[in-house]
Each structure stands twice: as structure tokens, then as C-alpha cells.
Amino acid sequence: MACATIHVGVPQLLRGVSRILPTHSALVVLRHSAFCYYTVNSTIKSKRKMDHLERTANNFRQEVISQAKVCGISNESETVKRLRLAITNKDFTFKAGQWVDFFIPGMSVVGGFSMCSSPGLLKREGILELAVKHTDHPPAHWIHTECALDSEVALRVGDLHGYQEGKGNGYKIGTVKLYYSAKNSGQLLFKKNILGLMNAFPGKIMCHFHVTQQSSPICEELRPHVTEGRISEKDLEKHVSRDTLWYICGPPPMIESISKLLSDIGVPRNCIFFEKWW
């Protein structure tokens with residue numbers, strides 16, 4: 001499955017909004033808070049697929065490692081499970097845009113997954129959520145085949161550049177546009193959450209869903225926001241401005257394609273950012 005999403009707009013809005021970026025999805029996300037955590041666009045090439053700890057060996061980690069217990073498992077789609085984890089260590093915290101090292105007892109391979117819940121949920125209820133796509137990678141395979149309620153794991157927060165406390169205070173709310181593409185509407189993860197944010201912040205958060213192989217009817221609530229076909233140059237060029245930052249998340253081929261498209265329509269390279277999860 002290949003999914004693609006793009007957020008475009010003035011970057012300050014989502015500083016306090018939870019991160020809704022599943023690791024399997026392809027996204028371009030415009031969000032100033034993410035600026036501290038993403039890597040500036042560069043050549044995206046890798047001859048060998050590295051392990052999570054190897055890829056992120058030079059990245060900052062918090063010292064706190066917390067035990068966690070699985071308190072909820074649900075199917076976000078046919079290939080993605082959402083885990084709810086009860087965190088036992090009260091000193092365990094994270095910010096939007098960070099990720100966790102995922103330690104499974106008896107398994108030497110460490111997973112790396114983005115949070116799909118907000119820091120606010122952790123603060124209020126001691127709960128953190130992950131969305132994990134099924135792959136042959138041992139941690140993801142374990143989550144889909146062996147993980148059960150009350151399974152115990154351990155978590156450590158990772159951060160691409162470390163904390164930058166106090167940065168961003170006083171920013172005015174801007175706008176964010178999300179372009180999110182998937183094979184079909186069933187693979188558009190967190191669509192209800194996204195629609196909820198659009199309703200909560202009218203005119204400030206906008207989303208355009210794209211489906212490339214839709215065969216079943218699209219629900220009425222989603223239909224006004226769905227376009228058939230891939231995200232195109234025409235979709236993006238209208239948003240090019242000196243105030244716009246572009247954030248991309250997804251498989252390397254999609255990121256390479258969107259990065260080139262943005263460069264071709266005049267977006268400066270220092271305004272294009274992407275995650276490095278490969």
C-alpha cells in the first residue's frame with residue numbers, strides 16, 4: 001500500500017496540535033513545530049536498508065526508558081494496528097514530531113515508531129498511541145501477530161536534534177493544508193481525526209484526500225474532500241510562497257518524486273523537509 005499526504009500553509013498553526021503522521025504514510029506536512037525535528041532536504045539514496053538503531057545512532061535520545069503495558073489494540077486499517085500503551089514512568093514525556101525506540105522482551109531488534117497521539121493525552125491519562133503497519137520487520141511483525149492486551153514493552157523517546165525549549169512562543173496562528181493520498185479511502189488512516197481538526201479549526205486546517213484505486217462508494221462525510229488520482233503539480237503550485245514550508249513523510253520513491261516536483265515549481269531546497277525512516 002502506498003499512501004501520500006501533503007500539508008501546506010503558514011507554519012505556526014500546528015505547534016500545539018497532535019502529530020497525526022503514521023509511519024507508513026507518505027505525507028507532505030507543513031508545521032513549524034516539526035521544523036526542529038526533521039532533516040533538511042538532501043539526496044535520498046540508500047544502497048542498504050539499515051536497522052532503526054543504526055539509522056538513528058547519532059540522534060539525541062532522552063535518558064528515560066519507561067515500561068509500558070498494552071491496554072488497547074484496534075485495527076486502523078487492514079494493514080495497520082493502533083496500540084494504546086499505558087506508561088508507568090511519570091517522567092516520560094514527548095513533544096509532537098518525536099518518535100520512540102520500541103523494546104520487546106526477548107527480542108534483540110529494536111523498533112522505531114512515530115506517536116500518533118498527542119502529548120496532551122499522555123499528560124492527562126498516561127496513554128501513548130502508536131500506529132504500526134504490518135511488515136516482516138520483527139517488531140512490527142510481533143505487534144501484528146503476538147502482541148496482546150497486557151503485553152509489556154519498554155519505550156524511549158528519540159529526537160532528531162534534541163529539545164529546543166521555549167522556541168516558538170508568541171507565534172500567531174497560520175494555516176495548514178494537508179494533501180493525503182492512498183490507494184482507497186479505507187487506507188486513509190485517521191481520517192475521522194483529521195475531519196475533526198478541520199471542523200475545530202475552520203479555515204485554518206484544510207485537507208485534500210486523494211485516492212488512486214477506489215472501487216467502493218465513498219462515505220458522504222468524506223466525499224467533499226476526496227479527489228480521485230495522485231497529488232499533482234497543479235495541486236501544489238498554487239501554494240508556493242516565501243512563507244510556506246513543506247514537510248514530507250513516506251516511502252523514499254514518493255519523497256524523491258514530491259521533492260523534485262516542489263523544486264521544479266520553484267520551492268527553495270531549504271523550505272523542503274522530510275523524515276528519515278529508512
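Accessible areas here come from the Shrake-Rupley method with a 1.4 Å probe.

**Figure 1. The whole chain, a predicted model, at a glance.** Let us start with the overall picture before zooming in. The accessible surface of the chain comes to about 13,400 Å², and carbon and sulfur atoms account for 50% of that surface. Six helices and 14 strands make up the secondary structure of the chain. The chain has 278 residues, and 54% of them count as buried. Take the contacts between residues at least 6 apart in sequence: 72% of these join residues at least 24 apart. Salt bridges are the topic of the remaining views, and the whole structure holds eight of them.

**Figure 2. Arg82 and its salt bridge to Glu76.** Here the two side chains come together with an N to O distance of 3.1 Å. Arg82 has a relative accessible area of 15%, and it is classed as buried because that value is under the 20% cut-off.

**Figure 3. Arg82 again, now with Glu129.** The side chains of Glu129 and Arg82 form a salt bridge at 2.8 Å, N to O. Glu129 sits in strand E8 (residues 127–133) and Arg82 in strand E5 (residues 80–87), so this pair ties together parts of the chain that are 47 residues apart in sequence. Glu129 is also buried, with a relative accessibility of 6%.

**Figure 4. Glu129 and a second arginine, Arg84.** The closest N and O atoms of this salt bridge are 2.6 Å apart. Once more, distant parts of the chain are linked: Glu129 belongs to strand E8 and Arg84 to strand E5, with their positions 45 residues apart in sequence. Is Arg84 buried or partly exposed? Arg84 is partly exposed, because its relative accessible area is 28%.

**Figure 5. The salt-bridge network as a whole.** Finally, put the pairs together. Salt bridges with shared partners join Glu76, Arg82, Arg84, Glu125 and Glu129 into one network. Within this network, Arg82 pairs with Glu76 and with Glu129, while Glu129 also pairs with Arg84. The network includes buried residues, among them Arg82 and Glu129, as well as the partly exposed Arg84.

Technical notes:
Residues numbered from 1 in each chain as written. Predicted model: local features only at pLDDT ≥ 70, side-chain atom pairs only at ≥ 80, totals over all residues. Heavy atoms only, no water. Helix = DSSP H or I, 4+ residues; strand = E, 2+ residues; numbered from the N terminus. Buried < 20%, exposed > 50% of the residue type's maximum accessible area, 1.4 Å probe, protein only. Contact = heavy atoms within 4.5 Å. Salt bridge = Lys/Arg side-chain N within 4 Å of Asp/Glu carboxyl O.
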